[in-house]
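Trainee: I would like to learn how to read a structure like this one. Can we take it feature by feature?

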Amino acid sequence: MSELLAADAGPLIALARIEGLVWLPVLFERVLVADSVVAECLAEPEREEHGAIRQAFAEGWLQRVTHRPVLSFHEGLGAGESETLHCAIERGCRVLLDDRLARRVALQLGLPVVGTLGVLIAAKRRGIVHRVRPNLQRLRASGYFLSDVLLAEALRLAGETP
């Protein structure tokens, strides 16, 4: 998948919780993170993922980009999602989004979309992780919402029995 990726906060936080930020530089050429997304990711220093996200910036796995959107794509989108979409449009790259509305808007804009589970499945296919299931269980245990249907589909796509 050697390409650019514009990332939103939700997936970065989720990946940090399962120690998956290290997969991003293997799967993507560069991961771009808009200012408002950086602020959202680092807003609560006491959260478990804060250190991992800070380290990812320090190590260059994540690259901060300053971007000011000129228009809102949908009133239901937050600043981070809007900036992530604008970044992807400007650079012609894929977006990392989990929010259902943001994904729908991205697809309407013709942007290729990947989510946290897509990154996890790609990591398994590239041999970076051996099994998806333990990571899905860790995500759920950390409070990340995964419906049973989505969980079963991710396991199926990963070649693991649901």
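Trainee: How many bridges join strand 1 to strand 4, and how do the two strands run?
Mentor: In general, strands of a sheet pair through backbone hydrogen bonds, either parallel or antiparallel. Here strand 1 and strand 4 run parallel and are joined by three bridges. Two strands count as paired if DSSP finds at least two bridges between them. Within this pair, Ala6 stands opposite Val95 of strand 4. Strands (E, at least two residues) and helices (H or I, at least four) are DSSP runs, numbered from the N terminus.

Trainee: What kind of model is this, and how are residues numbered?
Mentor: It is a predicted model, in which local features need pLDDT of at least 70 and side-chain atom pairs count only at pLDDT 80 or more, while totals for chains, interfaces and linings use all residues. Residues are numbered from 1 along each chain as its sequence is written, and side-chain values use heavy atoms, with hydrogens and water left out.

Trainee: Which strand does strand 1 pair with through Leu4 and Leu5?
Mentor: That is strand 2: Leu4 stands opposite Arg30, and the bridge partner of Leu5 is Val31. Strand 1 (residues 4-7) and strand 2 (residues 30-34) run parallel, with three bridges between them. Strand 2 is in turn joined to strand 3 by three bridges, again in parallel, and Ala34 stands opposite Val65 there.

Trainee: What is the strand order of the sheet?
Mentor: The order is 3-2-1-4-5, in an open sheet of five strands with parallel pairing. Strand 3 (63-65) and strand 5 are at the edges with a single partner strand each, so one side of each has no neighbour in the sheet. Helix 5 (residues 79-91) packs on the sheet and touches strand 1, strand 2, strand 3 and strand 4. Its direction makes about 160° with that of strand 1; axes are lines fitted to C-alpha atoms, for helices over the stretch in contact, and angles run from 0 to 180 degrees between N-to-C directions.

Trainee: Which way do the side chains of strand 1 point?
Mentor: In a regular strand the side chains alternate between the two faces of the sheet. In strand 1, Leu4 and Ala6 point one way, Leu5 and Ala7 the other, and all are buried. Buried means under 20% relative accessible area, exposed over 50%, and partly exposed in between (1.4 Å probe, protein chains only). Four of the five residues of strand 2 are also buried, so strand 2 is largely enclosed by the rest of the structure.

Trainee: Which residues have the most contacts inside the largest nonpolar core?
Mentor: A nonpolar core is a set of buried Ala, Val, Leu, Ile, Met, Phe, Trp, Tyr and Cys residues joined through side-chain atoms within 4.5 Å. The largest has 43 residues, and those with the most contacts inside it are Leu12, Leu21, Trp23, Leu24, Val119 and Leu136. A second, separate core of 17 residues includes Leu77, Val95, Ala106 and Leu111.

Trainee: Is helix 7 enclosed or open, and where does Leu117 sit?
Mentor: Seven of the 10 residues of helix 7 are buried, so helix 7 is largely enclosed by the rest of the structure. Leu117 is in this helix (residues 116-125) and is buried, at a relative accessible area of 12%. Leaving out residues up to four places away in sequence, Leu117 touches Leu136, Leu139, Leu146, Leu150 and Ala154, where contact means heavy atoms within 4.5 Å. Ala122, also in helix 7, counts as buried at 9% relative accessibility. The C-alpha atoms of Ala122 and Leu157 are separated by 9.9 Å, although these residues are 35 apart along the chain.

Trainee: What is unusual to look for in phi, and where is Glu19?
Mentor: Most residues other than glycine have a negative phi. Glu19 has a positive phi, near 60°. Glu19 lies in the loop between helix 1 and helix 2 and is exposed, with a relative accessible area of 60%. Just after helix 7, Gly127 also takes a positive phi, of about 80°.
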